[in-house]
Amino acid sequence: MSSISNCLFTAAVLIAFAIEIIATQTMDARIRDDSDLSQFYQLLEASQVANTTLTYRHVTVFAPTNRAFQKYNGTTKNLVLYHMSNFPKTIENLGDSISSELEGNPPLWVTRRPGTHGQEVYINNAKILIDRSNFQSKVSVGGDVKTQVLHIINEVLEPVRSNSMELPIYSPNAFEFLNQSENLDLGVHRLRIFRQRILTEKKEDVFKADGRYTFLIPVEEGFRPSPRPEKVDRVVIDGHVIPNHVLFTTPTPHNIPYQTLAFSDNVKVTVSFLKEHDKVYVQSNTLVGDAGHPTGVVLAEIIKPNIPVRNGVIHLIQRPLMVVDTTVKDFLESFKGIEKRDGPVYKFYEIIRDFGGDIMSTISHLRDVTLFAPSNAAFEEPGVQKILQDKERVKEMLNLHYVKDRLPIEKIKNKSVNQVPTAAEKKKLYFNVAQDSNGKPIITVEGGGVNATIITANIAATNGLIHIIDRVLGVPYTTVLEKLKTDPMLNSTYFLGQRQGFNDQLNDTSTRFTYFAPRDYAWKVAAVSYPSTSKKIFMPEFSYHTKQILERHLVIADEVYTMAKLKEMKHNDTIVLPAARDSLKLRIREYSEIYQIEWEGKWIRVYRPDVECTNGIIHVIDDVLLKDSDVRVTGTASATSLASHLIMILVAKWLL
């Protein structure tokens, strides 16, 4: 045999030997040899039952990483058995649940959801690290071959634990959990009032039922003020139970509604999860209500999440859902306690308290009010931080965030309202309804040049509604160009401005622009009034003319011109402004808080005045500053155009 053949033979033997080692490596050795599982292996070694299982039985092991143990604050007593099952299951073969080896065999719940790199799989709230899982080994016991499977997870699984040696509790259902809550390790939380309401309303069977449920249980401190407990009736109790879904906080998608048991012809209630930084909230949405159950959203923080029980999962929540018994002011002030500093709109409350003057008092005395409350993250914008130094500007900004009317999201969705006056003088909010890639409606609100998305709608109060938005209104953060690009009403103006680089100048922060920008509706009006001219404007070969028309709408100066300032400037009814093309001559008038401009004998409504940007201001107008002669191509014009092109070519050749 040649030396090459010998080498190949030796290599084949080594490869075969390596495969045999991998194939026969035991589960114990695999866990022991992985340095990232050392803390779990210590628990494994210390448990005689776990060692016996690994030696003689079928098993699936869910092994948390060392990092998972660093985040875990609970006891490790018998913990390892809750991470083992005597059913060998690869990821593909995991069902909705799998029983654990802990006494009472409490189930481990399985969740699958789409991820960025394929399907993600969770055991309770722990994610299976798929690329490190599905290890299998075989153990021969008396001629029988036992299969053993290892999955690695990113979080320690925590079972329900009793704090009483005399009354151990194993694998309780939701009602047993409630009934024995004083003997469970729940920290400072007590559940007696909600349990008493369940007994009074004879709803025990809901919490005893076998199946797959998510139970949202309010803690004792959430039942203040005192009339609140009586409002938790049979329907409200049903509104705290989601059937057919076991929803742990990490794998549950954000803002997806799930039907509760309170979903019938008379009352329809859904619950969704809202994630804000490291906090998770649940929100009930009463879509159809009755005299005792008003429509709207009630928001509650999950203060102890992911408690697994035999028939699902329990989340302890800050207050009862569905119960509307606080004012808009009460909702804001509910976040003032030091323990609620991370409430979803706490920063907004702080600014109202510190800079708002009598705004809080005004809100409390209104019978109907809608508050657009920015999220905490919205206040992290640098521009917002800068404005907080100007108290008068802050107060004006705050007034932009509430409307003296009750404005439910449905009213905006069906477009029965598209603009409303705010508490800020001569300032309105403007609404737009769009759809995301999945066809889900997106509601935006614009105020003072800022487009914000409503992220949590219809939080109900006795005297109005709260919508949580993702930006602070009235604090511009975009240039004129960025605003044109993102504003849903200005698509055509932005599109045409891309011709011949007209839009490029609008990103210059060293210049101040005042742009009378036609909204999309205005271009449709122009198509009717000037069909031939309008058609040419949108044709690439007439880009030069289009640019000239847009230059007529753009004022470039050392300052910006608000509509109020323009109104003050008028002399003999006419204002002359330095437009990018020649000068712009306008007249201004105001009627019933609506501004109009007059150009070339035509009065044009300013649909949205004073849209502030970081380098200027936009006035959205209802008509285009357009004449039929703007795009008239005659023979003479063509000859002139040809002559200019020939001159340019001759100059270019001479330079060469």
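Start by colouring the chain by pLDDT: this is a predicted model, and its average pLDDT is 88, with 91% of the residues scoring at least 70. Now select residues 1-23, where pLDDT stays under 50. For that stretch the model has one contact beyond four places in sequence. Then jump to residues 635-656, where the pLDDT is again below 50. Here you will find two contacts beyond near neighbours in sequence.

Next, show the side chains of the aromatic residues. How many aromatic pairs does the structure hold? There are ten.

For a good one to visit, select F194 and F207. Their ring centres are 6.3 Å apart and the planes meet at 85 degrees; since an angle over 60 degrees counts as edge-to-face, so does this pair. Turn on the cartoon to see where the two residues sit: F194 belongs to helix α7 (residues 192-200), while F207 belongs to helix α8 (residues 204-208). The two are 13 residues apart, and their pairing links distant parts of the chain.

Are these two rings buried or exposed? F194 has 1% relative accessibility and counts as buried. F207 also has 1% relative accessibility, so it counts as buried too.

Keep that view and add Y213 and F215 to the selection. Together with F194 and F207, they form a cluster linked by ring pairs.

Two more stops bring in charged side chains. Select R589 and W603: R589 lies over the face of W603, 3.9 Å from the ring centre. Finish with R608 and Y430, where the charged end of R608 sits over the ring of Y430, at 5.7 Å from its centre.

Methods: Residues are numbered from 1 along each chain as its sequence is written. This is a predicted model: local features need pLDDT of at least 70, side-chain atom pairs count only at pLDDT 80 or more; totals for chains, interfaces and linings use all residues. Side-chain values use heavy atoms; hydrogens and water are left out. pLDDT is the predictor's confidence in each residue, from 0 to 100. Contact means heavy atoms within 4.5 Å. Rings of Phe, Tyr and Trp (its six-membered ring) pair if their centres lie within 6.5 Å; planes under 30 degrees apart count as stacked, over 60 as edge-to-face and the rest as tilted. Helices (H or I, at least four residues) and strands (E, at least two) are DSSP runs, numbered from the N terminus. Buried means under 20% relative accessible area, exposed over 50%, partly exposed in between (1.4 Å probe, protein chains only). A charge sits over a ring if NZ of Lys or CZ of Arg is within 6 Å of the ring centre and within 35 degrees of the ring normal.
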